[in-house]
Amino acid sequence: MDRMTYPNLRAQMALRGHSLSTMAQAVHMKYPTFCRKMRRMSSFTLEECLRIRDALHFSGTLDTLFLVHGEDDR
């Protein structure tokens with residue numbers, strides 16, 4: 001798995017002690033589905049992004065949280 005995919009999301013997960021497994025559980029998603037979306041093999045829906053942001057108590061924008069490695073900051 002590319003560890004640089006969604007680096008801000010991964011950093012926020014680490015700061016709050018979440019693994020891929022616990023984050024998937026926190027947002028009511030099956031682990032394989034969450035991993036597939038983290039690898040960008042499929043996309044997170046807006047509703048899923050909002051649930052992730054809420055579970056992390058992240059106060060920034062979704063654009064910041066879901067920045068993909070190599071994208072310019074907006």
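Visitor: What kind of contact joins the side chains of K37 and E48?

Guide: A polar contact of 2.8 Å joins them. The term stands for a pair of N or O atoms within 3.5 Å; within protein, one atom must be able to donate a hydrogen and the other to accept it, and residues adjacent in sequence count only if both atoms are side-chain atoms. The 2.8 Å of K37 and E48 fits that limit, so the name applies.

Visitor: Before we go on, where do these values come from?

Guide: They come from a predicted model, in which local features need pLDDT of at least 70 and side-chain atom pairs count only at pLDDT 80 or more, while totals for chains, interfaces and linings use all residues. Residues are numbered from 1 along each chain as its sequence is written, and side-chain values use heavy atoms, with hydrogens and water left out.

Visitor: Is K37 called buried or exposed, and why?

Guide: Buried means under 20% relative accessible area, exposed means over 50%, and partly exposed lies in between (1.4 Å probe, protein chains only). K37 has 9%, so this residue of the model counts as buried. Its contacts (heavy atoms within 4.5 Å) include Y6, F44 and E48, leaving out residues up to four places away in sequence.

Visitor: How many helices and strands are there, and what makes a stretch a helix?

Guide: The chain has five helices and zero strands. Both are DSSP runs numbered from the N terminus: a helix is H or I with at least four residues, and a strand is E with at least two. K37, which we just met, lies in helix 3.

Visitor: Why are the buried residues of helix 4 said to line one face?

Guide: Those residues are E48, C49, I52 and L56. Seen down the axis of helix 4, they fall within an arc of 100 degrees, so they line one face of the helix. The arc is taken from the directions from the helix axis to the C-beta atoms. The face turned away from this buried side carries the exposed residues L46 and E47. The buried side is covered by neighbours including helix 1, helix 2, helix 3 and helix 5.

Visitor: What is the picture for helix 1?

Guide: In helix 1, L9, R10, Q12 and M13 are buried. They cover an arc of only 160 degrees around the axis, which puts them on the same side of helix 1. A14 and L15 are exposed on the other side. The buried residues of helix 1 pack against helix 2, helix 3, helix 4 and helix 5.

Visitor: What makes a group of residues a nonpolar core?

Guide: It is a set of buried Ala, Val, Leu, Ile, Met, Phe, Trp, Tyr and Cys residues joined through side-chain atoms within 4.5 Å. The largest one here has 19 residues, and L9, F34, F44 and I52 touch the most other members. Helix 1, helix 2, helix 3 and helix 4 each supply at least two residues of this core. In soluble globular proteins, nonpolar side chains tend to be buried together.

Visitor: How do you know that I52 counts as buried?

Guide: Its relative accessibility is 0%, which is under the cut-off, so I52 is buried. I52 is found in helix 4. Leaving aside neighbours within four places in sequence, I52 is in contact with L9, M23, V27, F34, F44, L65 and F66.

Visitor: Which residues form the ring cluster, and what makes two rings a pair?

Guide: Ring pairs link Y6, F34, F44 and F66 into a cluster. Rings of Phe, Tyr and Trp (its six-membered ring) pair if their centres lie within 6.5 Å; planes under 30 degrees apart count as stacked, over 60 as edge-to-face and the rest as tilted. The structure holds four aromatic pairs.

Visitor: How many disulfides are there, and by what rule?

Guide: A disulfide is a pair of cysteine sulfur atoms within 2.5 Å, and by this rule the count is zero. As for the cysteines C35 and C49, C35 is buried at 4% and C49 is buried at 11%.

Visitor: What is notable about the phi of H28?

Guide: Its phi is near 55 degrees, a positive value in a residue other than glycine. Most residues other than glycine have a negative phi. H28 sits in the loop between helix 2 and helix 3, and at 70% relative accessible area it passes the 50% cut-off, so H28 is exposed. H57, in the loop between helix 4 and helix 5, also has a phi near 55 degrees and is exposed at 68%.
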